[in-house]
Amino acid sequence: MAFKIGLLGLGTVGTGTAEILLDPQGRHPLLKEIEIHRVGVRSLDKPRAVTLPSELITTDLEAIVTDPAIDVVVEVMGGLEPARSLILKAIAHGKHIVTANKAVIARFGDEIFTAANEAGVYVMLEAAVGGGIPVIQPLKQSLGVNKISAVTGIVNGTTNYILTRMQTEGGEFADILADAQKLGYAEADPTADVDGLDAADKIAILASLAFGGRINLQEVHCEGIRQVSAAEIAYAEKLGFVIKLLAIAKRLGNEAAGQQQTPDTPQDSAHSSPSPISVRVHPTLVPLTHPLASISGVYNAILVEGEPIGQVMFFGPGAGSGPTASAVVSDILNIIGVLKTSSDSQKMHPLLSCSHQHYCTVAPIAELVSRFYARFLTKDRPGVIGSLGTCFGKHNVSLESVVQTGFQGGLAEIVVVTHDVREGNFKQALDEIRALEAVDSIPSILRVL
Ligand code: NAP
Ligand code: HSE
């Protein structure tokens with residue numbers, strides 16, 4: 001008897017999913033045991049790129065999530081509601097869930113996974129981060145024995161496409177965004193992508209898996225790319241950097257030592273809380289030699305660092321019908337594989353289910369320790385660089401380089417790169433510098449990887 005799928009959505013990802021399920025030849029043999037039972041859409045009249053018997057398609061999505069014949073509900077409709085309510089209703093009716101919806105998981109993951117654990121069903125979300133790139137299951141399984149210290153990703157294709165074109169063509173953000181929209185690479189409403197919100201959802205999910213705790217999305221620091229100018233990209237390049245929108249989740253403290261205890265900081269792992277993590281999205285200067293610097297266009301990549309693995313990078317198509325459907329169907333396959341072999345339906349497979357219930361402690365951005373880049377426009381007269389240096393020194397900000405790069409409208413242009421400094425200290429120094437009579441403005445402040 002075949003396992004039955006209820007598909008919520010037959011758009012970009014739903015169509016790719018149906019295409020794989022309808023063409024099992026040459027793929028994993030288990031696919032032949034899976035059948036599309038119902039498909040939920042908004043409009044019955046829309047022409048569809050995939051041919052399905054018309055009686056399978058319905059606008060009654062409630063009927064799908066409550067249908068006793070269905071084993072797995074695949075939510076590829078997007079949005080927050082009714083997606084969240086339909087997922088919860090499907091769980092209440094004993095359905096396993098596969099979803100590509102990072103927005104719902106990042107906001108309602110707590111509610112959804114708690115309900116799923118109580119109901120003894122799986123919620124799988126490989127497609128929610130990095131499209132076709134396998135990164136969720138690797139974090140849960142293949143890398144599960146590692147102490148993860150950092151996950152750093154380019155997880156939004158739209159912004160990577162815009163930044164890549166700004167870099168190669170020297171164009172400004174607004175012009176390239178408009179062109180990307182014309183070409184269909186950017187949404188008509190690009191807010192979630194260009195303001196970093198999509199990447200924030202994704203890094204919240206990755207952080208949760210990497211650090212074994214839930215993440216409060218409100219605590220994820222998020223900056224988008226609207227402020228990145230062609231000038232900044234050119235300066236960065238001169239200094240040996242490329243600007244990328246990075247999503248970063250990092251264990252603060254003994255990262256390099258994989259949280260090893262030292263004689264000075266004795267910890268009883270059974271009684272102490274793990275050190276806080278930093279979870280953030282922002283445009284970042286990435287050294288040209290770094291593995292993420294060469295990820296161009298709409299591609300995504302995620303660098304995972306841990307002990308004992310060292311570094312491992314996942315690279316591939318972060319979106320698109322076929323690649324995203326590849327991740328969706330692999331999740332379906334994982335669930336079916338477990339259902340076929342498990343004799344005790346009460347027991348959850350520990351490598352597929354979500355076992356953590358507490359929230360991770362996310363450190364405020366002011367406590368972040370990072371390198372910074374700042375560009376200043378100042379009066380061109382002796383002593384200005386010295387007074388900048390004095391302000392930085394007063395706030396314990398150590399400088400790696402200070403370069404006067406040229407002139408702009410009669411003002412001297414000075415670019416500073418710091419060593420690793422506490423963000424709070426750096427911001428205090430900048431406040432003082434802004435008040436200096438010789439300083440006209442600080443057009444750009446960026447973090448450096
Ligand atoms: P899409 O092309 O807009 O398709 C959405 C589908 O859901 C459509 O078939 C639509 O029906 C149906 N739908 C939406 N709201 C509905 C409602 N209230 N009632 C009934 N049907 C409804 O979206 P998509 O690009 O496939 O994205 C789906 C999900 O995958 C999203 O969560 C997205 O973030 C995620 N994702 C997408 C990609 C990608 O490359 N597109 C990559 C990774 C993750 P109609 O067809 O009748 O309008
Ligand atoms: N809008 C996303 C991006 C694709 O640009 O990467 C789906 O996650």
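This report describes salt bridges in the structure shown above.

The model is predicted, and it holds 23 salt bridges. Side chains of opposite charge can pair when their charged atoms come close. Three of these pairs are set out in the table, each with its N to O separation.

| Acidic residue | Basic residue | N to O distance |
|---|---|---|
| Asp 110 | Arg 214 | 2.4 Å |
| Asp 179 | Arg 165 | 2.8 Å |
| Asp 431 | Arg 434 | 3.1 Å |

The salt bridge between Asp 110 and Arg 214 links distant parts of the chain, since Asp 110 belongs to helix α4 (residues 102-119) while Arg 214 sits in the loop between α9 (197-211) and β8 (221-222), 104 residues apart. Asp 110 counts as partly exposed because its relative accessibility is 29%, whereas Arg 214, with a relative accessible area of 5%, is buried.

In the pair formed by Arg 165 and Asp 179, Arg 165 lies in helix α6 (residues 157-169) and Asp 179 in helix α7 (residues 173-182), so this salt bridge ties together parts that are 14 residues apart in sequence. Here Arg 165 is buried, at 14% relative accessibility, and Asp 179 is partly exposed, with a relative accessible area of 23%.

Asp 431 and Arg 434, also joined by a salt bridge, are three residues apart in helix α13 (residues 423-434), which means that about one helical turn separates them. Asp 431 is partly exposed, with a relative accessible area of 49%, and Arg 434 is likewise partly exposed, at 44%. Elsewhere, Glu 223, Glu 423, Lys 427 and Arg 447 are joined into one network by salt bridges that share partners.

Conventions:
Residues numbered from 1 in each chain as written. Chains lettered and ligands numbered in written order. Predicted model: local features only at pLDDT ≥ 70, side-chain atom pairs only at ≥ 80, totals over all residues. Heavy atoms only, no water. Salt bridge = Lys/Arg side-chain N within 4 Å of Asp/Glu carboxyl O. Helix = DSSP H or I, 4+ residues; strand = E, 2+ residues; numbered from the N terminus. Buried < 20%, exposed > 50% of the residue type's maximum accessible area, 1.4 Å probe, protein only.
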